[in-house]
2 protein chains.
Amino acid sequence: MEKQTITIYDVAREAAVSMATVSRVVNGNPNVKPATRKKVLEVIDRLDYRPNAVARGLASKKTTTVGVIIPDVTNVYFSSLARGIDDVASMYKYNIILANSDGNPQKEAQVLNTLLAKQVDGIIFMGNNLTDELRAQFTRSKTPIVLAGSVDAKNEVESVHVDYVAAVEEAVADLINHGNKRVAFITGPMSDPINGEYRLKGYKNVLAKHGIEYDPDLVFETDYSYRAGEVLWPALASAKATAAFVGDDELACGVLNGAKDAGVKVPAEFEIITSNNSKLTEIVRPQLSSITQPLYDIGAVSMRFLTKMMNKEDMSSDEKTIELPYGYIKRASTK
Amino acid sequence: MEKQTITIYDVAREAAVSMATVSRVVNGNPNVKPATRKKVLEVIDRLDYRPNAVARGLASKKTTTVGVIIPDVTNVYFSSLARGIDDVASMYKYNIILANSDGNPQKEAQVLNTLLAKQVDGIIFMGNNLTDELRAQFTRSKTPIVLAGSVDAKNEVESVHVDYVAAVEEAVADLINHGNKRVAFITGPMSDPINGEYRLKGYKNVLAKHGIEYDPDLVFETDYSYRAGEVLWPALASAKATAAFVGDDELACGVLNGAKDAGVKVPAEFEIITSNNSKLTEIVRPQLSSITQPLYDIGAVSMRFLTKMMNKEDMSSDEKTIELPYGYIKRASTK
DNA sequence: TTGAAAGCGCTAACAA
DNA sequence: TTGTTAGCGCTTTCAA
């Protein structure tokens, strides 16, 4: 395959300089006489020369590409993060190799391997559950890694996300202040520490603070899907829930529509607060009140964080985990 | 950065063979005595050797990575395609470098350049409008390229998508058969040939077939956003439209909610058909009738197509453009 | 079946 | 300021 024909050597010959000099002007090395630089640039332009990044990568041991492991691009939560990542990546002249893992530990491990084989300069990992094995692989490899919008329960790997505990506390407190004594807690798999650890803790915290006893019957562990929420109403009704905190927007839309279809008035008879403030929250009626997370920024900050690690910048002032501020937006699904 | 420490040379020494032999077993070359292979494999395992893909790429002139240019990962239409692409890519041992372009010709050209510099084996392009300049760059480069869910108005670049003309014809015919004489045509930028050329043609075709005169006042060119649709109702009302074909789901949700908020009964007083059958169509009420496009498959087929081109497989039986079947699903937004 | 050796296109000392 | 010269880690003839 005769893809790349002209090399740095051709340019050197044409410009009557050494390849070292060509390399210098290509890399913006100041130690080149302006006249020489001009001449070389002219030849580069004429020959339409384009440096071979693979050769460069081999010689310099830097590929200017980072690996991004994502459960599913199709999920807005993650694609928002990914967009933030890509934007600051290209700002710093990096490209991203994106790989879907479906949150499957086996795929994650396998993908990590090929990413390392491709000599990526760094890795951003998104995933619901960081297994011990993967964490071990991460620490073993010398490649810098940052978790975006994901947490490491053992807090060994750097990560950026919001304070899930506090966010849930605020949301549920709001619900309780509206007079709800029985607030349901609806999330995806508890194996994800964001749910099983942080959010649940926040939920229990507020309950305790308001002297309400924790009732496991009000905790609903499902998967992150519209359908799962839609069929939940009967269970919610029999648990006598009058409000719900929901950990995912699609799920929340399902809960909302399921309730509405059953003739329940939202928010008069049932209040809902969701978690990601995606477009969905504004498209359904009533629009959903939601915790807001700066997803794009989480991705962006993760990537920025990674560049620091890759450049071995001074990071003494940085914490291992960066917490970005969450917010709350009241819409029509709460009183 | 001491990322990769052990090389093929270390393995060779440890196994007391030449690096050529190690290379052979790594690459599954059959010309290796089973005993030798076993010995080498054992050393590879013990040393935890992982072939350096960059060096391999330089020597073999193959990187097993393909570039994917996408307007915005955050958009479900494109992320669905991307998911299909990545799945079959990994099936064929390729990785994808994903780059967002925002459909901006300048970014597209720039991204294409860095992709080529990185020696990708192929490129998949998604974009609303293939400029002449970009098409020229595509044809000039020797790298195989296919357009996914996008079209080349001049039909010079290979692509896979559905038959937009026929899809719109079917949708609008349905609306007309319900007695609608004034069907609005609402899409994104007409600069996208999918809208300005194919869909519009389909729209005009059915109108003509049913003896209805084409009225430019019924054509609404907006951008692909919920908000754009939401504010459209007054204009639709004054154009006396009683139904609408919409080219994008978010846009359609906006139109729907805008109409509902104005007290219009859907579908009794106004019918809507949208185009992408994304989750949104099932989340809004009434649920939206929609043309269905096999987005995931379009991505998957594009990638498969690309692998054929990259392997220089015999493609004499393949057309330059592959059309996948579209469908139609009736929901509650039409009579 | 195996090995020797010449690159792949570039960076990075080191000299000059 | 510029050039020479080793590599970077692997694939791939060509011989043996």
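**Close-up views of a protein–DNA model**

**View 1. K33(A) places a backbone N or O atom 2.7 Å from a phosphate oxygen of DNA strand D.** The model is predicted: local features need pLDDT of at least 70, side-chain atom pairs count only at pLDDT 80 or more, and totals for chains, interfaces and linings use all residues. Residues are numbered from 1 along each chain as its sequence is written, chains are lettered from A and ligands numbered from 1 in the order in which they are written, and side-chain values use heavy atoms, with hydrogens and water left out. A polar contact is a pair of N or O atoms within 3.5 Å; within protein, one must be able to donate a hydrogen and the other to accept it, and residues adjacent in sequence count only if both atoms are side-chain atoms. A polar side-chain atom of K61(A) lies 3.1 Å from a phosphate oxygen of strand D. From chain B, a polar backbone atom of I8(B) is 2.4 Å from a phosphate oxygen of DNA strand D. Two or more residues of the surface near this strand come from each of α2 (19–26) and α4 of chain A, and α2 (19–26) and α4 (53–60) of chain B. Helices (H or I, at least four residues) and strands (E, at least two) are DSSP runs, numbered from the N terminus.

**View 2. DNA strand D is surrounded by 25 residues.** Near means that a heavy atom of the residue lies within 4 Å of the molecule or strand. The closest residues are R24(A), T36(A), I8(B), S23(B) and Y49(B). Helix α4(B) gives the largest share of this surface, 4 residues. By type, the surface near strand D has 12 nonpolar, 9 polar and 4 charged residues. Here Ala, Val, Leu, Ile, Met, Phe, Trp, Tyr, Cys and Pro count as nonpolar, Asp, Glu, Lys and Arg as charged, and the others, Gly among them, as polar. Sugar or phosphate accounts for 59% of the atoms of strand D within 4 Å of the protein, and bases for the rest.

**View 3. DNA strand C has 26 residues around it.** Those that come nearest are I8(A), Y49(A), T21(B), R24(B) and T36(B). The side chain of T21(B) has an N or O atom 2.7 Å from a phosphate oxygen of the strand. R24(B) meets a base: an N or O atom in its side chain is 2.5 Å from a base oxygen of DNA strand C. A polar backbone atom of K33(B) is 2.7 Å from a phosphate oxygen of the strand. Of the atoms of strand C within 4 Å of the protein, 60% belong to sugar or phosphate and the rest to bases. The surface near strand C divides into 12 nonpolar, 9 polar and 5 charged residues.

**View 4. Chain A and chain B each give 58 residues to their contact.** Contact means heavy atoms within 4.5 Å. The two chains bury about 5,200 Å² between them, 51% of it on carbon and sulfur atoms. Buried area is the accessible area (1.4 Å probe) that two parts lose on being put together, summed over both. There are 10 salt bridges between the chains. A salt bridge is a side-chain nitrogen of Lys or Arg within 4 Å of a carboxyl oxygen of Asp or Glu. One of them joins E250(A) and K279(B), with the closest N and O atoms 2.9 Å apart.

**View 5. Strand β2(A) pairs with strand β2 (residues 95–100) of chain B.** The two run antiparallel and are joined by 3 bridges; strands pair if DSSP finds at least two bridges between them. I97(A) has I97(B) as its bridge partner.

**View 6. The peptide bond between V266(A) and P267(A) is cis, with omega about 10°.** P267(A) sits in the loop between α12 and β9 (271–274) of chain A. In chain B, a cis peptide bond with omega of about -5° joins R285(B) and P286(B). The loop that holds P286(B) runs between α13 (280–283) and β10 (289–292). Most residues other than glycine have a negative phi, and most peptide bonds are trans.

**View 7. A16(A) has a positive phi, near 60°.** This residue lies in the loop between α1 (8–15) and α2 of chain A. Just after α4(B), K61(B) takes a positive phi of about 60°. At the start of α4(B), a side-chain oxygen of N52(B) reaches to within 2.7 Å of the backbone nitrogen of V54(B).
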